[in-house]
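Please look over the structure shown here, and use the briefing below as a guide to one of its sheets and to the chain as a whole.

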Amino acid sequence: MNNEKMIIIGAGAAGLVAAITKARVGCKVILLEQNNKIGKKILVSGNGKCNIDNKYINLNRFHSQNPPFIEEILKNYDFEVVEKFFTSIGLELVEGKEGKMFPMSLQASSVVELLEYEAKRVGVEIVSECVVTSIDKKGNTFTLETSQGKKICEQLLLASGSPAAPQLGGSNSGYAFATKMGHALVPRHPSLVQLCSEETWVKGCAGVKVAGLAKLYANGEYITEKKGDLLFTNYGISGLAILDLSREVSTRLAGFDYCELSLDLMPELSKEKLTNLLLARVKQESEKPLNLWLQGAINKKLIAIILEQSKCKVRTEDALNRKEINKLVHTIKNLKLSINDTKGFKGAEVATGGIDTTEVNPQTMESKLVPNLFFAGEILDVDGDRGGFNFHFAWVTGLRVNFK
C-alpha cells in the first residue's frame, strides 16, 4: 500500500485527520479543498473556541437509520483515542461543562493551524480552491476533473461533508458523486438549527432569553423535551434547548406533521411553588396594573402573551384570586408556540441523513460497492448531539480510513 496515491476531497475535520494518519504510514496523499482556507467549520465551532470532542462518548448521543454501524465505529475509539491523536500534533485539551473538551488555548485557530502543520510535515499535498466537477472510475483508477486540472488516484476518500452551513462550504457535491457510483442516500434535514414560527407575538419578545424547558408535540402527541436556554427571536426561537430539539422537529416537519412547543419558562419552580410565590405577592389593597405586577417575576416582553394565552380576566393586582393565579401559572409553565419551519441548512450546524451506512464497512470506511472508495465524517448517515459528538465522529472516521 505504501506510495499509493490517495486523494481526499474535503479538508475538514475528517479529511484532515485521515490525510495525516495515512501520510504517517507512507501513503502519498493529496487533499483537495474547495474553499480558500482549510477547516472553515472547525474555525467557527464553539463560538471560535472549538468544542473539539466530548469526554463522555455514548452511543445514545449519535443518530442514524443504522445504529449498529455507529456501535462498530465507536468500538475501541473513545475520547482517549482522539485525545492521543491531538497530543501527537502538539494540542493540549481542557474540559468544560458537560464533558465538553476544548483546545487549552480556547482558540479554534490553534486546532486548524496545528492540523495543517502536521499534514504538511508528513507530506500531505494540500490544494485549496479546488472544486471537483466530476469523478469517473475505470478499472482500479479514479479520474477527477477539477477546477485545477485532471487528477488521478487509486484510492479516493469522500469527506466533503453535508449541505449544512453552505456559507462555510457545505454542499451536496459528495452525495452526487457517491450516488453516481451506485450509493443510496438517506434523506437529509437540517439539525442543530433554529426554529421558525408564523406567530406574530415572538417578534415582540425578540432578544428575551430564559433558562427553560421545551416540550415538543407533533400532531398533538408528546414527542420529547429538552432543558436549557430559550432565546426568542424575530423569526421564532433559538437557544440550546431548541438546538437540541431541532433534529426531531426538522424530521417531523419534513413529514408534514403539525409541530408545537410547550415552553416552561420557570422549570426550577414546581407548579405548586410558583402558585404560592404569586399568591404571596398579592396585596389586596393594591390597584397596580397586572402587567406591571407581573414584571416582579417575568420579563416584561413576555407578559402580554402570557395574559393573552392564560385568558386571565382581571387587570389589577387587587382583583387576583387563586383561580386567576392558576391560569397564569399554567401558562407560564406551558406557553404555546407553533413551529412551521427551521432556519434551514444555512442555519444548521449539521445535517441528518447522508450516505446509507449499510453500504460502508465500519472497520475501514471503505465502500462495499466500489473498491478503494472511502467515506468519512458528516457525508455519512450519522449525526450527533450538540457538545462535541459530531466532531468525535469526524475524527474517528478519519482515523479509521482503510485500517483493516
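**A sheet and its surroundings**

In this predicted model, an open sheet of seven strands follows the order β19-β18-β15-β16-β17-β14-β20, with antiparallel pairing. Strands β19 (335-339) and β20 (341-342) stand at the edges with a single partner strand each, so one side of each is left without a neighbour in the sheet. Strands are DSSP runs of E with at least two residues, helices are runs of H or I with at least four, and both are numbered from the N terminus; two strands pair if DSSP finds at least two bridges between them.

**Within and against the sheet**
- Strand β14 (residues 195-196) runs antiparallel to strand β17 (residues 236-238), and two bridges join them.
- In this pair, L195 of β14 stands opposite I237 in β17.
- Helix α11 (residues 300-310) packs on the sheet, where it touches β15 (209-218), β16 (221-232) and β19, a contact being heavy atoms within 4.5 Å.

**The whole protein**
- The secondary structure comes to 14 helices and 24 strands.
- The C-alpha atoms fill a box of roughly 90 × 40 × 35 Å, taken along the principal axes.
- Of the contacts with a separation of 6 or more, 72% are between residues 24 or more positions apart.

**Basis of the values**
- Residues are numbered from 1 along each chain as its sequence is written, and side-chain values use heavy atoms, with hydrogens and water left out.
- Local features need pLDDT of at least 70 and side-chain atom pairs count only at pLDDT 80 or more, whereas totals for chains, interfaces and linings use all residues.

How values were computed: Axes fitted to C-alpha atoms, helices over the stretch in contact; angles between N-to-C directions.
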